[in-house]
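User: I would like to learn how to read the features of a model such as this one, step by step. Could we go through it together?

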Amino acid sequence: MKGTYSIYISGYDWGCGVSKVLIALDSQLDSISKDDLKVVETKQICHFSKKDYPIEVVEIERQIINVYLCDQSANAVQGSSNYIALELYVSPEMGSPLLFSMKTQFNTWSDPYFLTITKNDNARLTSQGSMVKDFNIDTEFTDKITDADVFKLDHFQSSDHTLYRYAYYDVPSSDTLIVWLHGLGEGGVNQTDPYVTLLANKVTALTSHKFQEIVGKVNILVPQCPTYWMDKDGKQTNLNNGHIIADDNSFYQESLNELILYFQKRCQAKRVILVGCSNGGYMSLLMAIKYPKQYRAIIPICEALKDECITDEQLSSIKDLPMFFIYSKDDPVVLPSLHEIPTIKRLKAMSASSLHVSTFDHVIDTSGKYNDDKGNPYQYNGHWSWIYFDNNEAKCDESHQLVWQWIKEQI
């Protein structure tokens, strides 16, 4: 028996994982159980604990949590079939097809990435009653289906010849555009594409039924920066050993503005709301300062624009722009004491008219699916406060208003 397989990539709070496999066989299989097969994942990993953060290719056995015969759309069927669906366990440490490199600071598609699917020695597989002696599945997958496939891809070249690849979600009847500005890890041009931007963080939340129902049907634009938003010259010269030396100037300000204006006209949106995390939070503040009249509201999440880089004049220009800051107090990457806390304090002193802030002590799993060794909810890096935005769990400290409902009010 021979076959091929496709992979399904699901988006999660921490990123993405290969959660399901669809095997297409050249003949019908009578039945299947999860003990009949073995799945070994081959991919690149970065050793964060070793000197110089080496990258190597490893083999990891994946846990099969469910298996069943199905049709070509992975719907379970009764009786024999030419298709098998495998559901695989995923977690913050297991199953990602992406590689994050400490050297480049980028997420990329792992190369190689494939699954070796074999029959266990004690498996008794039959096809029309006859024993299956050889079970050979090609190692290279034929297709990948992702949670981000509702987005479409396109590209745009600005007047200074900056080429952006971007993803978008089009709602023809909407006159509102939400722009998501990604963090440092989701930029780049090599072994990447906007699907990495959509899946490395759970940007797919913006197209979910829940988000679109609460906010009221909006267009989504997700540009992928050719390097990173905090890049001063477009050549990454201010990135050293994972640290960025940045001020209130980004190489991409003008070109990103051109892209947003182009897409705003394309979808006929009357209003634009900027949402950004980390590098993207930096860029959302920077874009608002440079173009204060162009945005209806901004949501800077764990924003990386140091307060000392913002003048009183710049801050005064946006004090009446609706803003919703989100951060965790234990952020080890973008220290709140140098970023949000002093900036928010200055805005309050200026009597900012629509300032909202949502703070957290830690970033923890709220799904109930993941726990640490002591049984406590899994704790993420404190920088990852965008998770609370993705799940509509960011609540204003003073008014207790949830961030998605706040977006609706700005529309």
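**Reading salt bridges and a sheet**

Analyst: Let us begin with burial: K43 has a relative accessible area of 7%, and it is buried because burial means under 20% relative accessible area. Please keep in mind throughout that this is a predicted model.

User: With which residue does the side chain of K43 meet in a salt bridge?

Analyst: A salt bridge is read from the distance between a side-chain nitrogen of Lys or Arg and a carboxyl oxygen of Asp or Glu, which must lie within 4 Å. Here the side chain of K43 meets that of E41, at 3.4 Å from N to O. E41 counts as buried too, at 0% relative accessibility, and a network of salt bridges links E41, K43 and R62.

User: How many salt bridges does the structure hold, and which residue forms one with D307?

Analyst: The structure holds 12 salt bridges. R346 is the partner of D307, with the closest N and O atoms 2.9 Å apart. Since R346 belongs to helix 6 while D307 sits in the loop between strand 21 (297-301) and helix 5 (312-318), this pair ties together parts that are 39 residues apart in sequence. Both R346 and D307 are buried. The side chain of R346 also meets that of D312 in a salt bridge of 2.7 Å, N to O; with R346 in helix 6 and D312 in helix 5, this pair ties together parts that are 34 residues apart in sequence.

User: Turning to the sheet, what is the order of its eight strands, and which strands stand at the edges?

Analyst: To read a sheet, one follows the pairing from strand to strand. This open sheet has the order 14-15-17-16-20-21-22-23, and its pairing is mixed. Strand 14 (152-157) and strand 23 (355-360) stand at the edges, and because each has a single partner strand, one side of each is left without a neighbour in the sheet. On average, neighbouring strands of this sheet are turned by 20° against each other, direction ignored.

User: In which sense do strand 16 and strand 17 pair, and which helix lies across them?

Analyst: Strand 16 (residues 176-181) and strand 17 (residues 219-224) pair in the parallel sense over three bridges, and I220 in strand 17 is the bridge partner of I178. Helix 3 (residues 253-266) lies across strands 14, 15, 16, 17 and 20, running at about 35° to strand 15 (163-169). Helix 6 (residues 340-349) also packs on the sheet, where it touches strand 22 (323-328) and strand 23, and its direction makes about 150° with that of strand 22.

Terms used:
Residues are numbered from 1 along each chain as its sequence is written. This is a predicted model: local features need pLDDT of at least 70, side-chain atom pairs count only at pLDDT 80 or more; totals for chains, interfaces and linings use all residues. Side-chain values use heavy atoms; hydrogens and water are left out. Two strands pair if DSSP finds at least two bridges between them. Helices (H or I, at least four residues) and strands (E, at least two) are DSSP runs, numbered from the N terminus. Axes are lines fitted to C-alpha atoms, for helices over the stretch in contact, and angles run from 0 to 180 degrees between N-to-C directions. Contact means heavy atoms within 4.5 Å. Buried means under 20% relative accessible area, exposed over 50%, partly exposed in between (1.4 Å probe, protein chains only).
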